[in-house]
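Please look over the sequence and the model below before reading on. The paragraphs that follow go from the overall fold to the core, the ligand and one helix.

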Amino acid sequence: MSGAGGGALPGRVVVSADPGAVAEAAAGWLLDCAADAVGARGAVDVALAGGSTPAAMYRLLAQPPRRDRARWERWQIWFGDERACPPDDERSNFHLAQNLLLAHVPIPAAQVHRIEGERQDLAAAASDYAAQLARDCPRGPGGAPRLDVVLLGLGTNGHTASLFPGDPSLEVAGAWATPARADYPPYERVTLTFPVLAAAAHVAFVATGAEKGPAFAGVVAGTAPAARVRPLDGELRWFIDEAAAATLHG
Ligand code: 6PG
């Protein structure tokens with residue numbers, strides 16, 4: 001296991017004992033951020049993460065007591081990325097969120113903004129999604145849409161959302177969403193771009209397990225795509241477990 005050489009992750013790091021406790025900490029934080037945004041402007045724009053790690057958090061949010069803490073009718077749901085597959089496909093990030101969270105809370109369907117990963121033309125799917133973001137979200141620093149909360153995962157190779165090492169999507173500056181290519185299937189993706197992640201008010205990575213060690217090393221060294229997530233006028237947090245945290249001291 002390669003450690004991060006004792007370096008620090010950028011932003012605030014919240015270490016919990018195990019993946020279950022990480023899910024609890026991240027869910028509580030998300031609910032606090034959402035309550036603040038709803039209190040301040042009557043709505044909250046949240047971008048959900050894909051991958052497997054957020055599943056525990058989505059389950060917690062879908063059940064009492066946490067479900068009863070949210071004013072769900074004020075939530076606008078977005079996605080950090082999507083895989084090229086239909087929305088009812090097991091691999092779909094929308095499918096995960098729908099099954100574990102969205103089907104169990106009263107968010108009006110019109111407030112769930114899905115990336116249409118089933119379309120042949122993913123460039124058109126990306127530009128339609130970007131247009132929705134630009135239309136519905138307030139403007140943030142740099143002129144990008146300002147999401148209140150962005151949840152992100154961390155791949156073992158340092159990718160986040162579908163921003164993969166070496167992919168041209170990393171350099172997209174003039175669009176809020178773009179087609180992208182992963183290095184494992186489904187290869188074709190659509191992802192938010194760095195300018196949107198930089199414009200968000202609250203960004204949190206949720207990452208657990210010692211297998212994230214090499215990715216942490218890439219973030220600490222500044223070489224991983226995830227290292228390029230730097231809010232211009234917002235907070236960056238890491239919700240990690242002790243097994244993942246131990247790799248930072250290697
Ligand atoms: C996806 C992602 C991706 C994911 C990481 C971590 O669509 O695959 O959004 O960035 O969050 O690969 O995935 P795990 O949570 O499964 O480790």
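Helices (H or I, at least four residues) and strands (E, at least two) are DSSP runs here, numbered from the N terminus. This is a predicted model, in which local features need pLDDT of at least 70 and side-chain atom pairs count only at pLDDT 80 or more, whereas totals for chains, interfaces and linings use all residues. Residues are numbered from 1 along each chain as its sequence is written, and side-chain values use heavy atoms, with hydrogens and water left out.

The secondary structure of the protein chain comes to seven helices and nine strands. Its radius of gyration, taken over C-alpha atoms, is 17 Å, close to the 18 Å that the globule rule (2.2 Å times the number of residues to the power 0.38) gives for 250 residues, so the chain is as compact as a globular protein of that length. The C-alpha trace spans about 45 × 40 × 35 Å along its principal axes. Of the 250 residues, 55% count as buried, meaning under 20% relative accessible area with a 1.4 Å probe and protein chains only.

Inside the protein, the largest nonpolar core (buried Ala, Val, Leu, Ile, Met, Phe, Trp, Tyr and Cys residues joined through side-chain atoms within 4.5 Å) has 85 residues, and those with the most contacts inside it are Trp75, Phe79 and Leu147. Helix H1, residues 19-41, gives the most to this core, with eleven residues. Leucine 147 touches, with contact meaning heavy atoms within 4.5 Å, a set of residues that includes Trp78, Leu133, Cys137, Leu192 and Val196, when residues up to four places away in sequence are not counted.

Turning to the ligand, 16 residues lie around it, each with a heavy atom within 4 Å, and Ser52, Thr53, His159, Ala161 and Lys212 come nearest. Among the polar contacts (pairs of N or O atoms within 3.5 Å), a polar side-chain atom of threonine 53 lies 2.5 Å from an oxygen atom of the ligand, and a backbone N or O atom of alanine 161 lies 2.6 Å from a ligand oxygen atom. For asparagine 93, a side-chain N or O atom is 2.8 Å from an oxygen atom of the ligand.

Helix H6, residues 213-221, has as its buried residues Gly213, Ala215, Phe216, Ala217, Gly218 and Val219. What covers these buried residues includes strand S8 (202-207), strand S9 (235-241) and helix H7 (242-246). Just after H6, glycine 222 takes a positive phi of about 85°.

Definitions and conventions
Buried means under 20% relative accessible area, exposed over 50%, partly exposed in between (1.4 Å probe, protein chains only). A polar contact is a pair of N or O atoms within 3.5 Å; within protein, one must be able to donate a hydrogen and the other to accept it, and residues adjacent in sequence count only if both atoms are side-chain atoms.
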